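I opened this notebook to record what I looked up in one structure. My entries concern a metal site and enclosed spaces.

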Amino acid sequence: MADAIWDREVETATPEATLARAGAAWEGQFRHLSEHSPFYARKLREAGVRSPVRFADLSRLPFTTKEELKAALDDEPPFGSNACVPADRIKRVYQTSGTSGVPSVIALTAADVETWTAIGARTYYATGIHEQHSVVTSFGAGPFVAGHTHFTLMRIGARVVPVAPGDTERILFALRSGLADTLLATASFAQYLANRLEGPAARELGLTHVVTGGEPGGGIPAIRDHIQDVFGATVTEVMGIGDASPSLFGECPQQQGMHFCGGRQIWAELVDLDSHEPMAIEGGAVGEMVYTHLEREAMPVVRFLGGDIVRVEGTSCGCGRTSFRMRCLGRRDDMFIVRGVNVYPTAILAVVGDFRPRVTGRARVVRPGPEVSVQPPVPIEVEVPAGREPDARLAAELEEAIHSRLTFRSRVELVEEAAFGESGYKTRLSVRR
Ligand SMILES: [Zn+2]
């Protein structure tokens, strides 16, 4: 039986129809940004673009990077020289976490709010959240773009029970009192709850569905299976990127990777990790995602190099959606190279997760400096439950499993829950010390 689909016309379109629709939207988007964004006017001029660029030639345009967008913002605060509309048309502003210290802003017009909501509705509906569901969500209302999820859940028509990020007690209250049957949380937090509640009572909570987002994890078998087993629930995952759309990929209940849900509003390309040359989006391909807006008013991006490294899982699905499916292997910043081989911390999580309950499932790579290459043995911290007897063999067994499955040598340090930090909400997969 085909699954329920939110926007059948867009989500089951043939590749030809999708391309034609995107091409038509691009004409308007290109005109808008080349006429109204000083940042893109200059960027296009410098790239030698003198006439409208056909959609078929999109891949000849230069990439846009996070650093460029930050510089554009600093040029003309508060909305930046990349903004395409007068300030009085901007009706909603999110901030980024500002890894470099100062937050960046993401501005939306009323139409952009609607666009994000439309993409979000396709995304979350794909995960299996429908109007009859009750969702306890630990995604904050702001300042981050994840707060847009609240509009999306309202649009779908689900019951929404908002709680603050990491508020375990209120989540438990919502579940125990029957307010919610679905949990929306980061993968780390869902994993933390599963560790904490493991036991027969967890299955009495009536939690049937967990949707993870904000970081990879829900698609890693060891993590997914654990959460599913503890709650007797189905786990699917979502992913987005603030500069494009906070919800952009949603995994359907077939659990074969996240569908691209950008539809007519966003175009996705896959490029080679090293050369940045365009790659075919087909099963097995590994590359970095590149995003181009097709219907964005305030802050459109063209060929935005988002830093998400993904593996394409396929281009068709039993659910009937025709968009590609993928798994996120990690952020470009988290990737490192050991003896010429790319390693993603998500691969380490997959190995570590198999050692539960001796470990909690969380782990991170400690990198000595900014270099991408790491000399083995690679330092890895693995979280272990608090208050247990020291497990003398555990570190050696982990090192052995990492060596046999990922083919590099590591030096595992076991860190107790409290000392690991980050309160189980969202875990950085690699840290520099
Ligand atoms: Zn599907």
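Entry 1, the metal site. I looked up the zinc ion and found its protein donors (N, O and S atoms within 2.8 Å of the metal, or 3.2 Å for Na, K and Ca; water is not among the atoms, so sites may look incomplete): Cys252 (SG), His259 (NE2), Cys317 (SG) and Cys319 (SG), lying 2.1 to 2.3 Å from the ion. The model is predicted; local features need pLDDT of at least 70, side-chain atom pairs count only at pLDDT 80 or more, and totals for chains, interfaces and linings use all residues. Residues are numbered from 1 along each chain as its sequence is written, and side-chain values use heavy atoms, with hydrogens and water left out.

I then checked the geometry. The arrangement is tetrahedral (four donors, all angles between 85 and 135 degrees) because the four donor atoms subtend angles of 99 to 117° around the zinc ion. Along the chain, I noted the donor spacing C-x6-H-x57-C-x1-C. I also recorded that Cys317 and Cys319 are both buried (under 20% relative accessible area, with a 1.4 Å probe and protein chains only). Both of these residues, Cys317 and Cys319, are thus entered here as buried.

Entry 2, enclosed space. I searched the whole structure for cavities (on a 1 Å grid over the protein atoms alone, sets of points where a 1.4 Å probe fits but cannot get out) and found four of 30 Å³ or more. A volume is the space filled by probe spheres set on the points, which are joined across faces, edges and corners. The largest cavity has about 140 Å³, and the second largest has about 90 Å³.

Terms used
Four donors count as tetrahedral if all angles lie between 85 and 135 degrees; four count as square planar and six as octahedral if opposite donors are over 155 degrees apart and all others between 65 and 115; anything else is irregular. Buried means under 20% relative accessible area, exposed over 50%, partly exposed in between (1.4 Å probe, protein chains only). On a 1 Å grid over the protein atoms alone, a cavity is a set of points where a 1.4 Å probe fits but cannot get out, and a pocket is an open set with protein on both sides within 12 Å along at least five of seven lines; lining residues have an atom within 4 Å of a point.
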